[in-house]
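Biologist: I would like to learn how to read a structure of this kind, going from the single residue outwards to the whole chain. Could we begin with a backbone angle and see where that leads?

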Amino acid sequence: MANKWDALMVEALNEAARSGSDVPVGALLVNGAGEIVARGHNEREATKDASAHAEIVAIRAAGAAAADWRLEDLTLIVTLEPCVMCAGAIVAARIPRVVFGAWDEPVGAAGSRYDILRDQRLGTPVEVIPGIMADECAAQLRQFFESRRTSGSK
């Protein structure tokens, strides 16, 4: 049975596919009506910018569109659990809810390795909805890394 986040996660997976030679991670920011107001995918390789994670790209786009850094009325949908950097940006932008697909056990900061998003010492905890289409999100990442290993790419 599909839940209300599945269609948006499909969109995030499509966005992740646009990452080119970068790790395929896609992010969307949606309003209360479920309308996409910003998109992002990993752009570190294309921009040579270590901070160009999908979440950061989407947060920057949403802030520019709203002419405000406070994104208090939006939900972030992302294919992979946010890292510490992205979790910090999410908290700073005051995004109240994060929905993600695959867990990132080595460096995730939304409940696996760290739990930055729900750390009350940083302000209002972020609602975290994990594991949406987790198998599909993990498969996209696994496919990318398998193809890199077989091609000898870095």
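Modeller: Let us begin with Arg94, bearing in mind that this is a predicted model. Arg94 counts as partly exposed because its relative accessibility is 42%, a value that falls between the 20% limit for buried and the 50% limit for exposed.

Biologist: Where does Arg94 sit, and what is the sign of its phi?

Modeller: Arg94 is found in the loop between α4 and β4, and although Arg94 is not a glycine, its phi is positive, at about 60°. This positive phi comes just after α4.

Biologist: Which other residue shows a positive phi without being a glycine?

Modeller: Ala67 does, with phi near 55°. Ala67 belongs to the loop between α3 and β3, and it counts as exposed because its relative accessibility is 71%.

Biologist: How should I read a helix such as α4, and which of its residues are buried?

Modeller: The general idea is that an α-helix has 3.6 residues a turn, so residues three or four places apart point the same way. In α4, the buried residues are Cys86, Ala87, Ala89, Ile90 and Val91, and what covers them includes α3, β3 and β4.

Biologist: Is Ala58 buried or exposed, and what does Ala58 touch beyond its sequence neighbours?

Modeller: Ala58, whose place is in helix α3, counts as buried because its relative accessibility is 0%. Leaving out residues up to four places away in sequence, Ala58 touches Ala27, Leu29, Ala38, Arg39 and Gly40. A distance can be read alongside such a contact list: the C-alpha atoms of Ala58 and Val78, which are 20 residues apart along the chain, are separated by 9.9 Å.

Biologist: I would also like to look at a charged residue, so where is Glu81, and is Glu81 buried or exposed?

Modeller: Glu81 lies in the loop between β3 and α4, and Glu81 is buried because its relative accessible area is 2%, which is under the 20% limit. When residues up to four places away in sequence are not counted, Glu81 touches Phe100, Ala102, Trp103, Asp104, Gly108, Ala109, Ala110, Gly111, Ser112 and Tyr114. As for a distance, the C-alpha atoms of Glu81 and Glu15 are separated by 15 Å, with their positions 66 residues apart along the chain.

Biologist: What about a polar residue within a helix, such as Gln140 in α5?

Modeller: Gln140 has a relative accessibility of 16% and therefore counts as buried. Apart from neighbours within four places in sequence, Gln140 is in contact with Leu13, Ala16, Ala17 and Pro24. The C-alpha atoms of Gln140 and Ala102, which are 38 residues apart along the chain, are separated by 9.8 Å.

Biologist: How do the nonpolar residues come together, and which members of the largest core touch the most others?

Modeller: The largest nonpolar core has 46 residues, and Leu29, Ile77 and Leu117 are those that touch the most other members. The elements giving two or more residues to this core are α1, β1, α3, β3, α4, β4, β5 and α5. Taking Leu117 as a case, and again not counting residues up to four places away in sequence, Leu117 touches Ala87, Ile90, Val91, Val98, Ala109, Ala110, Pro125, Val126 and Val128.

Biologist: How many helices and strands does the chain have, and in what order do they run?

Modeller: The secondary structure comes to five helices and five strands, and from the N terminus on the elements run α-β-β-α-α-β-α-β-β-α. In the contacts with a separation of 6 or more, residues 24 or more positions apart account for 56%.

Biologist: Why can the overall dimensions be said to agree with those of a compact globule?

Modeller: A compact globule of 154 residues would have a radius of gyration near 15 Å, and the chain agrees because it has 15 Å. Taken along the principal axes, the C-alpha atoms fill a box of roughly 45 × 35 × 30 Å.

Biologist: To finish, what can be said about burial, surface and charge for the whole chain?

Modeller: Of the 154 residues, 47% count as buried. The chain exposes about 8,000 Å², of which carbon and sulfur atoms supply 52%. There are 16 positive and 21 negative charges, and their mean positions are 5 Å apart.

Methods
Residues are numbered from 1 along each chain as its sequence is written. This is a predicted model: local features need pLDDT of at least 70, side-chain atom pairs count only at pLDDT 80 or more; totals for chains, interfaces and linings use all residues. Side-chain values use heavy atoms; hydrogens and water are left out. Helices (H or I, at least four residues) and strands (E, at least two) are DSSP runs, numbered from the N terminus. The radius of gyration is taken over C-alpha atoms; the globule rule is 2.2 Å times the number of residues to the power 0.38. Buried means under 20% relative accessible area, exposed over 50%, partly exposed in between (1.4 Å probe, protein chains only). Contact means heavy atoms within 4.5 Å. Accessible areas come from the Shrake-Rupley method with a 1.4 Å probe; for residues, only the protein chains shown count as cover. Lys and Arg count as positive and Asp and Glu as negative; His and the chain ends are not counted. The place of a charge is taken as NZ of Lys, CZ of Arg, CG of Asp or CD of Glu. A nonpolar core is a set of buried Ala, Val, Leu, Ile, Met, Phe, Trp, Tyr and Cys residues joined through side-chain atoms within 4.5 Å.
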